[in-house]
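Dear colleague,

I am passing on the structure we spoke of, and I would be glad if you could look it over alongside the notes below.

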Amino acid sequence: MAQLSSPVPPALAGEVLRARYAGRLPASLRDLAGPVSGPVELPLHVAWSGLRTYDLDRPRQRMSLYRTVLAEGQYEDLVAFLDRDLLTAQWPALRTLVSRHVRQVWEERFPQLAAGASSAA
């Protein structure tokens, strides 16, 4: 009888996810030079299901775009679609909408995000 392979231990899976997200990060928040208003259409490799066009002038759509790009975007997407000032301003709420792994790698690389989130609480 063939043995079924055991699933990947959760701790190992978490480390794989953290490494994947960390490898996409820009060197500096200054690298984030995305649009700050108007409609933005995400490519299929980022928004592969559901809404692809977001209006940055509508707060809920802006938050949804940022959440999607943080979770699914590669380095090129992060710098093309995210804006440093918008990310920093939204981070206290946005950090509660992204996965723990995304939140941890962003706050470890950019401590000012974590500091801003704690001062907003």
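What follows describes the core, the aromatic residues and the main pocket.

Please bear in mind that this is a predicted model. Its largest nonpolar core holds 29 residues, among which L42, L70, L87 and W106 touch the most other members. Two or more residues of this core come from each of α2 (59-72), α3 (75-81), α4 (84-94) and α5 (100-109), and α2 provides the largest share, five residues.

W106 deserves a closer look. With a relative accessibility of 2%, W106 falls under the 20% limit and therefore counts as buried. Setting aside its neighbours within four places in sequence, W106 is in contact with L25, P26, L29, L32, L70, L78, L82, L87, W91 and L113.

The count of aromatic pairs is two. In one of them, the ring centres of W91 and W106 lie 6.5 Å apart with 40 degrees between the planes, so this pair is tilted; it links distant parts of the chain, since W91 sits in helix α4 and W106 in helix α5, 15 residues apart. W106 also pairs with F110, again in a tilted arrangement, at 5.5 Å centre to centre and 40 degrees between the planes. F110 is buried as well, at 4% relative accessibility, and W91, W106 and F110 form one aromatic cluster.

As for the largest pocket, it encloses about 210 Å³ of space and is lined by 15 residues, with Y54, S64, R67, T68 and A71 nearest its centre. Seven of the lining residues come from α2, which gives the most, and by class the lining comprises nine nonpolar, three polar and three charged residues.

With best regards

Key:
Residues numbered from 1 in each chain as written. Predicted model: local features only at pLDDT ≥ 70, side-chain atom pairs only at ≥ 80, totals over all residues. Heavy atoms only, no water. Core = buried A, V, L, I, M, F, W, Y, C linked by side-chain atoms within 4.5 Å. Buried < 20%, exposed > 50% of the residue type's maximum accessible area, 1.4 Å probe, protein only. Helix = DSSP H or I, 4+ residues; strand = E, 2+ residues; numbered from the N terminus. Contact = heavy atoms within 4.5 Å. 1 Å grid on protein atoms, 1.4 Å probe; cavity = no way out; pocket = protein on both sides within 12 Å on 5 of 7 lines; lining within 4 Å. Points joined across faces, edges and corners; volume = space filled by probe spheres on them. Nonpolar A, V, L, I, M, F, W, Y, C, P; charged D, E, K, R; others polar. Phe/Tyr/Trp six-rings, centres within 6.5 Å; stacked < 30°, edge-to-face > 60°.
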